[in-house]
Protein chains: 2
Amino acid sequence: MKLNEGIEWAVHCCSILASLPPGMALPARKLAEFFDLPEHYLAKHMQSLSQQGLVSSSKGPGGGYRLGRPATEIALLDIVLAIDGPAPHFRCTEIRRKGPSGVDDKCYGKPCGIARAMWRAETAWRDELGKVSLEEIRHTGLEETPHEQLEKSLAWFGDALK
Amino acid sequence: MKLNEGIEWAVHCCSILASLPPGMALPARKLAEFFDLPEHYLAKHMQSLSQQGLVSSSKGPGGGYRLGRPATEIALLDIVLAIDGPAPHFRCTEIRRKGPSGVDDKCYGKPCGIARAMWRAETAWRDELGKVSLEEIRHTGLEETPHEQLEKSLAWFGDALK
DNA sequence: ATAATAACGGATATAACATATCCGTTATAA
DNA sequence: TTATAACGGATATGTTATATCCGTTATTAT
């Protein structure tokens, strides 16, 4: 199993948006260029973020994306779910009911113990993602970005936002 | 993202094997029949379990699969990894290094904070799966299986093991 | 010995999903 | 009026999961 690559893209893009001067917006085109990503496909992911309210969008020249709420109030989990969708990764198909020994559906109460255990693990995963704020991501990212890259980025965005 | 359906199959099958009288083995054919699963495909998954030592196999008539070690010493995590493979779900493609502002690879020390956060969540997931033993799965399963199904199952396996 | 069973590995076919592009539409700013 | 940019829908492509089939080897029962 592999997580959607768009998750990595979306988190990085949100982190950039979190560092944007208030009032400014970045179009998907610029974000794609900055990370060397396929423009149209990234645009699709940005639309998913927009639908969830994580970013707000404005059309037309000078338009683009900005954060939909403060970076302290966006969890890594929010971004992951926006891209990956809300469905649990483990899907119980109730094979315990199938086959020659299965009995009527109404004999089974709660979901089977195997599914419950798998879902508990998924809850632990989500909880961990829920603890991380976009602000933390942004801060750590800034701290750990090489100086040279930081300068190049500032210059590039300076030009881009002209 | 969706987890391999074979995980559900494998855990259920292991749970059956854990209830098998010592010395007995069940062929993939019988397991597939019992859960109404595609025989050859299930056989592939059983081979994965075998490669990891979770089950041991014996060829020829009367042969089949049995647990490779006591159910108390097999974690749900072991089964999940045997089927799903050891690779992490989140794969960092290092897009931070790409694009016009990226700098030389050796300027980047540890993996980026986003990947680290994603991997922390995955560790939480694995930890939770590591806490659950096959013996617990088996016990819970037995307790929650409808009486009628239990009787049918015993009869069916009785015939099957003749 | 011979026949039947069953795991095993490799090759292949099919279905589902992720990845990626394209197009027409709408909104908006210059 | 023109250019920009988000948006939604349709489509193409690639990759992975699902599923089957085959020949081989080991083993048991006849």
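Modeller: A residue counts as near a molecule or strand when one of its heavy atoms lies within 4 Å of it. This is a predicted model, where local features need pLDDT of at least 70, side-chain atom pairs count only at pLDDT 80 or more, and totals for chains, interfaces and linings use all residues. Residues are numbered from 1 along each chain as its sequence is written, chains are lettered from A and ligands numbered from 1 in the order in which they are written, and side-chain values use heavy atoms, with hydrogens and water left out.

Biologist: By that rule, how many residues surround DNA strand D, and which are the closest?

Modeller: There are 25 residues around DNA strand D, and the closest are Ala28(A), Lys44(A), Ser57(A), Tyr65(A) and Asn4(B). Sugar or phosphate holds 61% of the strand D atoms within 4 Å of the protein, and bases hold the rest.

Biologist: Which elements supply the surface near DNA strand D?

Modeller: Elements here are DSSP runs numbered from the N terminus: helices are H or I with at least four residues, strands are E with at least two. At least two residues each come from helix 3, strand 1 (55–58) and strand 2 (64–67) of chain A, and from helix 1 and helix 3 of chain B. Helix 3 of chain A gives the most, with four residues.

Biologist: How does the surface near DNA strand D divide by class?

Modeller: Ala, Val, Leu, Ile, Met, Phe, Trp, Tyr, Cys and Pro count as nonpolar, Asp, Glu, Lys and Arg as charged, and the others, Gly among them, as polar. The surface near DNA strand D has nine nonpolar, 10 polar and six charged residues.

Biologist: What is a polar contact?

Modeller: A polar contact is a pair of N or O atoms within 3.5 Å; within protein, one must be able to donate a hydrogen and the other to accept it, and residues adjacent in sequence count only if both atoms are side-chain atoms. On DNA strand D, a base oxygen lies 2.3 Å from a side-chain N or O atom of Lys44(A). Phosphate oxygens of this strand lie 3.1 Å from a side-chain N or O atom of Gln51(A) and 3.3 Å from a polar backbone atom of Glu5(B).

Biologist: Which residues come nearest to DNA strand C?

Modeller: Asn4(A), Lys44(B), Ser57(B), Gly60(B) and Tyr65(B) come nearest, out of 26 residues around DNA strand C. Sugar and phosphate make up 61% of the strand C atoms within 4 Å of the protein. Phosphate oxygens of strand C lie 2.7 Å from a side-chain N or O atom of Ser57(B), 3.0 Å from a polar side-chain atom of Ser50(B) and 3.4 Å from a side-chain N or O atom of Tyr41(A). Helix 3 of chain B gives the most to the surface near DNA strand C, with four residues.

Biologist: How many residues of chain B are in contact with chain A?

Modeller: Contact means heavy atoms within 4.5 Å. By that rule, 59 residues of chain B touch 59 residues of chain A. Buried area is the accessible area (1.4 Å probe) that two parts lose on being put together, summed over both. Between chain B and chain A this is about 5100 Å², with carbon and sulfur atoms giving 66%.

Biologist: How many salt bridges cross the interface of chain B and chain A?

Modeller: A salt bridge is a side-chain nitrogen of Lys or Arg within 4 Å of a carboxyl oxygen of Asp or Glu. The rule finds four across this interface. One of them joins Arg116(B) to Glu144(A), with the closest N and O atoms 3.0 Å apart. Residue pairs in polar contact across the interface number 16, both residues being at pLDDT 80 or more. Helix 5 of chain B gives the most to the side of chain B that touches chain A, with 12 residues.

Biologist: What turn and shift lay chain B on chain A?

Modeller: Copies are superposed by least squares on the C-alpha atoms of residues with pLDDT of at least 70 in both. A turn of 180° with a shift of 0.0 Å along the axis lays chain B on chain A with an RMSD of 0.0 Å. That is the relation of a two-fold axis. Trp125(B) has the C-alpha nearest the axis in chain B, 2.5 Å from it. Since 100% of the interface residues of chain B are also interface residues in chain A, the copies meet through the same surface.
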